[in-house]
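The following account leads the reader through one protein structure, beginning inside the fold and ending at the unusual points of the backbone. Please keep the sequence and the model in view while reading.

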Amino acid sequence: MVDQTEQALPARDPIYPLSGKRVWVAGQRGMVGSAVARRLAALGCVVVPDRPDRLDLRRQDEVADWLSEARPDAIVVAAARVGGILANDTYPVDFLEDNLLIQTNIIGTAHRIGVERLLFLGSSCIYPRLADQPISEDALLTGPLEATNQWYAVAKIAGIKLVQAYRRQYGRDYISAMPTNLYGPGDNFDLNSSHVLPALIRKAHEAKIARAESMTVWGSGTPRREFMHVDDCADALVYLLQHYSDDDHVNVGVSSDISIHELAMLVARIIGFRGEIVLDQTRPDGTPRKLLDTGRLTGLGWSSRITLEDGIAATYRWFLDQSELRSIA
Ligand code: GFB
């Protein structure tokens, strides 16, 4: 594992001061959206709450009605259909169609009602499967995508292009950020649809409780991923909202990666599972490596604060608290 410590540059004056702004976070019930909402609230923003009866973001009329009523100054588009490698591979229509609808409805309506600032969130899977590492923003559309998540990637690439198109055609101050693999409180721990980190936390915990001899990890264990705690990501996203205004999307990550096998060992150690780690090679590996070049973000003056070890420990505590709450309810 590469060391991620970097010196923060002196804080800069924001080009878009957030204090007192009314910001709607689309997807504020999700892991990323709720972290962004917490961060915005801490900065003195008015976080516009979601409509109490659930809004179907795939429906243009519902999004238009809601936004015309709510009238936020700024929007963070953290709403998306998301999932791990198996969910992406199993539901290609949902990942392509739902995401195209959600983002197009929100971005288009934001323009029509005059929302002054918007941040669209993509994902590091937009880049070619075999992109040079670390992956710079310029790698976009330079090669074939990873097959397991191409549907999601194509939708997110369309979102980046839509944001750029609104900048170019209408001069809208809308921007895009591409976070790396995220984890943290509010994560999905369902083994069929989750990403790897929550899956490993759950597997290691259940294996420890059951005193099992082993826990299973999908694939060869050799793929490398970069993991960012969602609070760290939210901090970077809000920083971009305050400090960045340009056509190009910005990578958001921690500048270090780890193999899935090393990650499984780290999670097992933190949780206290001492059995064997067994690889199920019938499961897909996905992209061999995904490590973002975060030079553009750090050049703006932002740096990561949460180490992987601390982040996993905090997420495990959250998982235990939730399990306790469920067993009490
Ligand atoms: O996190 P993950 O599902 O997504 O899988 P991707 C990362 C790696 O962990 C793959 C391995 O090599 C998996 O085979 N892995 C090992 C596991 N054990 C497990 C397990 O129990 N569960 C899961 N889920 N994986 C996603 C994309 O790709 O990354 C999304 O499919 C999105 O669209 C997201 O972009 C950030 O990193 O491969």
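Val-36 is a residue of helix α1. The structure is a predicted model, and this valine offers a convenient point of entry to its interior. Val-36 has a relative accessible area of 1%, and residues under 20% are classed as buried, so Val-36 counts as buried. Which residues does Val-36 touch, not counting residues up to four places away in sequence? They are Val-25, Val-76, Ala-234, Leu-237 and Val-238. For one of these partners, Val-25, the separation in sequence is 11 residues, and the C-alpha atoms of Val-36 and Val-25 lie 7.4 Å apart in space.

These contacts lead to the nonpolar core. In soluble globular proteins, nonpolar side chains tend to be buried together. In this model the largest nonpolar core comprises 36 residues, and Val-36 is among those with the most contacts inside it, along with Val-32, Leu-40, Leu-237, Leu-240 and Val-252. Two or more residues of this core come from each of β1 (22-26), α1 (31-42), β3 (74-77), β4 (117-121), β5 (174-179), α7 (230-243) and β10 (250-252). Helix α7 makes the greatest contribution to this core, nine residues. Leu-40, another of the residues with the most contacts in the core, touches Leu-18, Val-23, Val-25, Cys-45, Val-47, Val-238 and Leu-241, when residues up to four places away in sequence are left out. Val-25 and Val-238 thus appear among the contacts of Val-36 and also among those of Leu-40. Apart from this core there is another, of 33 residues, which includes Val-63, Ile-113, Tyr-127 and Tyr-174.

The next topic is the ligand and its surroundings. Around the ligand there are 22 residues, of which Ile-85, Lys-203, Arg-225, Pro-284 and Asp-285 come nearest. By class, this shell consists of 10 nonpolar, eight polar and four charged residues. Three elements, α3 (85-90), α6 (196-209) and β7 (214-218), each provide at least two residues of the shell. Which element supplies the largest share of the shell? It is α6, with three residues.

Individual atom pairs give a closer view of this site. Lys-203 places a polar side-chain atom 2.6 Å from an oxygen atom of the ligand. For Asn-149, a polar side-chain atom is 3.4 Å from a ligand oxygen atom. Trp-218 takes part through its backbone: one of its polar backbone atoms is 2.9 Å from a nitrogen atom of the ligand. On its own, the ligand has 700 Å² of accessible area, and the protein covers 98% of it.

Polar and charged residues may also be followed away from the ligand description. Asp-257 is located in the loop between β10 and β11 (258-259). Is Asp-257 buried or exposed? Its relative accessibility is 1%, and it therefore counts as buried. The side chain of Asp-257 forms a polar contact of 3.2 Å with the side chain of Arg-224, and another, of 2.6 Å, with the side chain of Arg-289. A further case is Gln-164, in helix α5. Its relative accessible area is 18%, and the limit for a buried residue is under 20%, so Gln-164 is classed as buried. Leaving aside neighbours within four places in sequence, Gln-164 is in contact with Asp-247 and Asp-248.

The backbone itself deserves attention at several points. Most residues other than glycine have a negative phi, and most peptide bonds are trans. Against that background, the peptide bond from Gln-133 to Pro-134 is cis, with omega near -10°. Pro-134 belongs to the loop between β4 and α5 (150-170). Leu-141 is found in the loop between β4 and α5 as well, and has a positive phi, near 60°. With a relative accessibility of 57%, and with exposed meaning over 50%, Leu-141 therefore counts as exposed. Arg-71, in the loop between α2 (60-70) and β3, likewise has a positive phi, near 45°. Its relative accessible area is 45%; this value lies between the limits of 20% and 50%, which means that Arg-71 is partly exposed.

Conventions: Residues are numbered from 1 along each chain as its sequence is written. This is a predicted model: local features need pLDDT of at least 70, side-chain atom pairs count only at pLDDT 80 or more; totals for chains, interfaces and linings use all residues. Side-chain values use heavy atoms; hydrogens and water are left out. A residue is near a molecule or strand if one of its heavy atoms lies within 4 Å of it. A polar contact is a pair of N or O atoms within 3.5 Å; within protein, one must be able to donate a hydrogen and the other to accept it, and residues adjacent in sequence count only if both atoms are side-chain atoms. Accessible areas come from the Shrake-Rupley method with a 1.4 Å probe; for residues, only the protein chains shown count as cover. Helices (H or I, at least four residues) and strands (E, at least two) are DSSP runs, numbered from the N terminus. Ala, Val, Leu, Ile, Met, Phe, Trp, Tyr, Cys and Pro count as nonpolar, Asp, Glu, Lys and Arg as charged, and the others, Gly among them, as polar. A nonpolar core is a set of buried Ala, Val, Leu, Ile, Met, Phe, Trp, Tyr and Cys residues joined through side-chain atoms within 4.5 Å. Buried means under 20% relative accessible area, exposed over 50%, partly exposed in between (1.4 Å probe, protein chains only). Contact means heavy atoms within 4.5 Å.
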